[in-house]
Amino acid sequence: MLHGSPAAVEPRDDEGGGVPRILTYNVRRCLGTDGLLSPERVAEVIAAYEPDVVALQELDVRRARTGGVDQAHMIAETLGMQMHFHASLRVMEEEYGNAILTHRPSHLVKAEGLPGPGWRPPEPRGALWASVNLGGSDVQVINTHLGLRRRERLAQIDRLLSRHWLEHPACREPIILLGDFNASPRSRAYQRLAACLQDAQMVSRLHRPRPSFPSWLPVLRIDHVFVSRSIKVLRTETVRTPQARIASDHLPLLVEFQVIPSAALRSVLGRPAVEEEV
């Protein structure tokens, strides 16, 4: 039995019935606040919420410090999901980076590093973009982990908001940008993103926004899920189970949503129907 399973979460059927769920989680190389290194425990925290898509940050792959384990592959295999991984840092055979996991049809669109502030950043940062089919809609999911320094984050957000990512011709509605942004809602970095996309926690009417860091006593809201206008947020939850509080120094953030059909979206926006390119 999975520990910490929330009573409010209904089981999913094998055909993916129900409302889509996406979860973002900085796992800190699967090192818990109790000092235990356990990808299995991280997978249990995730599995309890049965998400359709998972965005993970700070994964170790074949690194000596974590026993040479491919954490991305191990968690994906435990969850029965396919995995798209991008190494922000690579030294010989060792890698460190972010991943998108899903058991829905998907393909990797792009994965690359993000710029630093003009000097060598203390830790290379990156992003990866996968197109995931959820209920017949191809949702563009971009997972990222931004830098600790203000100028660095702003340079990285400039890149994400450019034609290389969110303004790329293939990055069409619906879009979800999520991850660890290292940026609170009062920061310029957050506000620039919130001017283009909606913060899922802010548009959810059922729950007030909750912080996710540090996991044992969360006071900072730096993990975010930003959505485009064709995503209707139904529910958000910062996972606070006893196991989640010790599995990493961040808490997972879960979002339940629906994709608004294009015809309905045009009706809401008061725009005439436009044929899409083939």
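## A look inside a 278-residue chain

At 12% relative accessibility, Glu-95 counts as buried, because that label applies under 20% relative accessible area (exposed is over 50%, partly exposed is in between; 1.4 Å probe, protein chains only). Before we go on, remember that this is a predicted model, where local features need pLDDT of at least 70 and side-chain atom pairs count only at pLDDT 80 or more, while totals for chains, interfaces and linings use all residues. Residues are numbered from 1 along each chain as its sequence is written, and side-chain values use heavy atoms, with hydrogens and water left out.

So where does Glu-95 sit? It is part of strand 4, residues 94-102. Strands here are DSSP runs of E with at least two residues, helices are runs of H or I with at least four, and both are numbered from the N terminus. The side chain of Glu-95 makes a polar contact of 2.8 Å with that of Arg-90. For that label, an N or O pair must be within 3.5 Å; within protein, one atom must be able to donate a hydrogen and the other to accept it, and residues adjacent in sequence count only if both atoms are side-chain atoms. If you skip neighbours within four places in sequence, the residues in contact with Glu-95 include Leu-59, Asp-60, Phe-85 and Leu-89; contact means heavy atoms within 4.5 Å.

### The whole chain

Zooming out, the chain has seven helices and 12 strands. Of its 278 residues, 51% count as buried. Among contacts with a separation of 6 or more, 69% join residues 24 or more positions apart.

### The open sheet

Six strands line up in an open sheet in the order 5-6-7-8-10-9, with mixed pairing. Strand 5 (106-114) and strand 9 (198-199) are the edges: each has a single partner strand, so one side of each is left without a neighbour in the sheet. Two strands count as a pair if DSSP finds at least two bridges between them. Here are two of the pairings:

| Strands | Sense | Bridges |
|---|---|---|
| Strand 5 and strand 6 (residues 125-134) | antiparallel | eight bridges |
| Strand 6 and strand 7 | antiparallel | nine bridges |

Strand 6 is mostly covered, with nine of its 10 residues buried. Within strand 6, Gly-126 stands opposite Gly-113, and Leu-128 is the bridge partner of Ala-111. Leu-128 also stands opposite Asn-143 in strand 7. The hairpin of strand 6 and strand 7 has two residues between the strands, and Gly-135 takes a positive phi near 60 degrees there.

Which strands does helix 3 lie across? Helix 3 (residues 150-160) lies across strand 5, strand 6 and strand 7 (137-145). Its buried residues, Glu-152, Arg-153, Leu-154, Gln-156, Ile-157 and Leu-160, pack against those strands and helix 4 (188-194).

### Two nonpolar cores

The largest nonpolar core has 28 residues, and among those touching the most other members are Tyr-25, Val-42 and Leu-101. A core like this is a set of buried Ala, Val, Leu, Ile, Met, Phe, Trp, Tyr and Cys residues joined through side-chain atoms within 4.5 Å. Elements that each supply at least two residues of this core include strand 1 (21-26), helix 1 (39-47), strand 4 and helix 6 (244-247). A second, separate core has 21 residues, including Ile-157, Leu-160, Cys-171 and Ile-175. Two of these will look familiar: Ile-157 and Leu-160 are buried residues of helix 3.

Conventions:
Axes fitted to C-alpha atoms, helices over the stretch in contact; angles between N-to-C directions.
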